Amino acid sequence: ASDIPALSTLGLPSSVPDLIRATQGLILVTGPTGSGKSTSMAAAIDLLNETTSSHIITLEEPIEYIYKNKRSLVCQRLVSKRSDGDCESFAGGVVAAMREDPDIILVGEMRDYATVQAALAAAQTGHLVFGSMHTNGGMETIDRALSFYQGSDRDLARSVLSATLRCVISQRLIKRKDGSRVLAAEILKNTTSVRTHIAQGNTHLIQQEINTGSSVGQLSLNRSLRELVQQGVVDAEVALASSNDRLALERDLGL
């Protein structure tokens, strides 16, 4: 598809356009299969394509959207071991991309050690890296990224991740009352306290930061779900089934 939806039409939190305009670092977009991650990342890349003069390289499997160059130059690479592929792996694609002096690299899926390592290295060396993971929230995403490392390597990875991470945008699509789907999201911003938790290995404290940090831009999935119920968009039972903390959402909704 070449008609990429505008980021503002997807139902993401209003803070997202500012979050993606970072000049360097790592932005992770996460959620289960079928939650619209590819569309959100394409819309984010296209907004940067329109508003910045950047060299953007995307690594995708498959390529779902075709970008037209606007203010930026967008080079799309297909990751495939078949003869039609531009590179055989996401990790190899990131390493090759870094030789071409890009400003922004999109990594379609971060699912193994080599890809996570390459993405962190790119973010550490002054690039803006977008990556996608099949995780359900900010805390789980941090744990998953660090799970690829062992021993002293994990200490170093914590240090690099805490320094380079900009935010984790977690999303899922849930059924509206009218049968169509609406996006519910969680935003984890890498604030000073979150950075400290990651660096010190206290990732279990991150969910509390998300739940209580709305004044600094954090957004919990439960708050997103609660607002959809209160706006009459989603049935309470559907929201509860989509929550990572059903009991807390029941309390929030007064059930």
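Leaving aside neighbours within four places in sequence, which residues is Gly137 in contact with? Let me start there, and bear in mind that this is a predicted model. The answer is Thr30, Ser170 and Glu186.

Where does Gly137 sit? It's in the loop between strand E5, residues 128–133, and H5. Gly137 is buried, with a relative accessible area of 6%. I also looked at how Gly137 relates to Ala96: they're 41 residues apart in sequence, and C-alpha to C-alpha they're 30 Å apart in space.

Now, keep those three contact partners in mind, Thr30, Ser170 and Glu186, and let's go to the cavities. Searching the whole structure for cavities of 30 Å³ or more turns up two.

I'll take the second largest before the other one. Its volume is about 50 Å³. The lining is made up of Thr30, Gly31, Pro32, Thr135, Asn136, Ser170, Gln171, Arg172, Glu186, Leu221 and Asn244. So you'll recognise Thr30, Ser170 and Glu186 in that lining, and those are the residues I listed as contacts of Gly137. Which element gives the most to this lining? That's E6, with three residues. By class, we have seven polar residues, two nonpolar and two charged.

Okay, on to the largest cavity. The space in there is about 60 Å³. Strand E1 (25–30), helix H2 (37–51) and strand E6 (165–175) are the elements giving two or more residues to its lining. The residues lining it include Leu7, Leu12, Val16, Ile20, Phe130 and Ile169. Gln171 is on the list for the largest cavity, and you've just heard Gln171 named in the lining of the second largest one as well. As for chemistry, the largest cavity's lining has ten nonpolar residues, two polar and no charged.

H2 gives the most to the lining of the largest cavity, with three residues, so let me spend a moment on that helix. It has 15 residues, and from its first C-alpha to its last it reaches 21 Å, close to the 21 Å expected at 1.5 Å a residue. Is H2 mostly covered or mostly open? Mostly covered: twelve of its 15 residues are buried. Among the buried ones are Ser40, Met41 and Ala44, and Ser40, Met41 and Ala44 also line the largest cavity. For anyone thinking about spacing: an α-helix has 3.6 residues a turn, so residues three or four places apart point the same way. Lys37 and Asp46 are on the buried list for H2 too.

Next, aromatics. How many aromatic pairs does the count come to? One. Tyr113 and Tyr149 have ring centres 5.2 Å apart and planes at 70°, so it's an edge-to-face pair, given that over 60 degrees is the cut-off. This pair links distant parts of the chain, 36 residues apart: Tyr113 is in helix H4 (residues 113–124), while Tyr149 is in the loop between helix H5 (138–147) and helix H6 (151–164). On accessibility, Tyr113 is partly exposed at a relative accessible area of 40%, whereas Tyr149 is buried at 3%.

Last stop, Thr191. You'll find Thr191 in the loop between strand E7 (181–189) and helix H7 (192–199). Is Thr191 buried or exposed? Its relative accessibility is 16%, and since buried means under 20%, Thr191 counts as buried. Setting aside neighbours within four places in sequence, Thr191 is in contact with Val216 and Gln218.

Methods:
Residues are numbered from 1 along each chain as its sequence is written. This is a predicted model: local features need pLDDT of at least 70, side-chain atom pairs count only at pLDDT 80 or more; totals for chains, interfaces and linings use all residues. Side-chain values use heavy atoms; hydrogens and water are left out. On a 1 Å grid over the protein atoms alone, a cavity is a set of points where a 1.4 Å probe fits but cannot get out, and a pocket is an open set with protein on both sides within 12 Å along at least five of seven lines; lining residues have an atom within 4 Å of a point. Grid points are joined across faces, edges and corners, and a volume is the space filled by probe spheres set on the points. Helices (H or I, at least four residues) and strands (E, at least two) are DSSP runs, numbered from the N terminus. Ala, Val, Leu, Ile, Met, Phe, Trp, Tyr, Cys and Pro count as nonpolar, Asp, Glu, Lys and Arg as charged, and the others, Gly among them, as polar. Rings of Phe, Tyr and Trp (its six-membered ring) pair if their centres lie within 6.5 Å; planes under 30 degrees apart count as stacked, over 60 as edge-to-face and the rest as tilted. Buried means under 20% relative accessible area, exposed over 50%, partly exposed in between (1.4 Å probe, protein chains only). Contact means heavy atoms within 4.5 Å. The expected span of a helix is 1.5 Å times one less than its number of residues.
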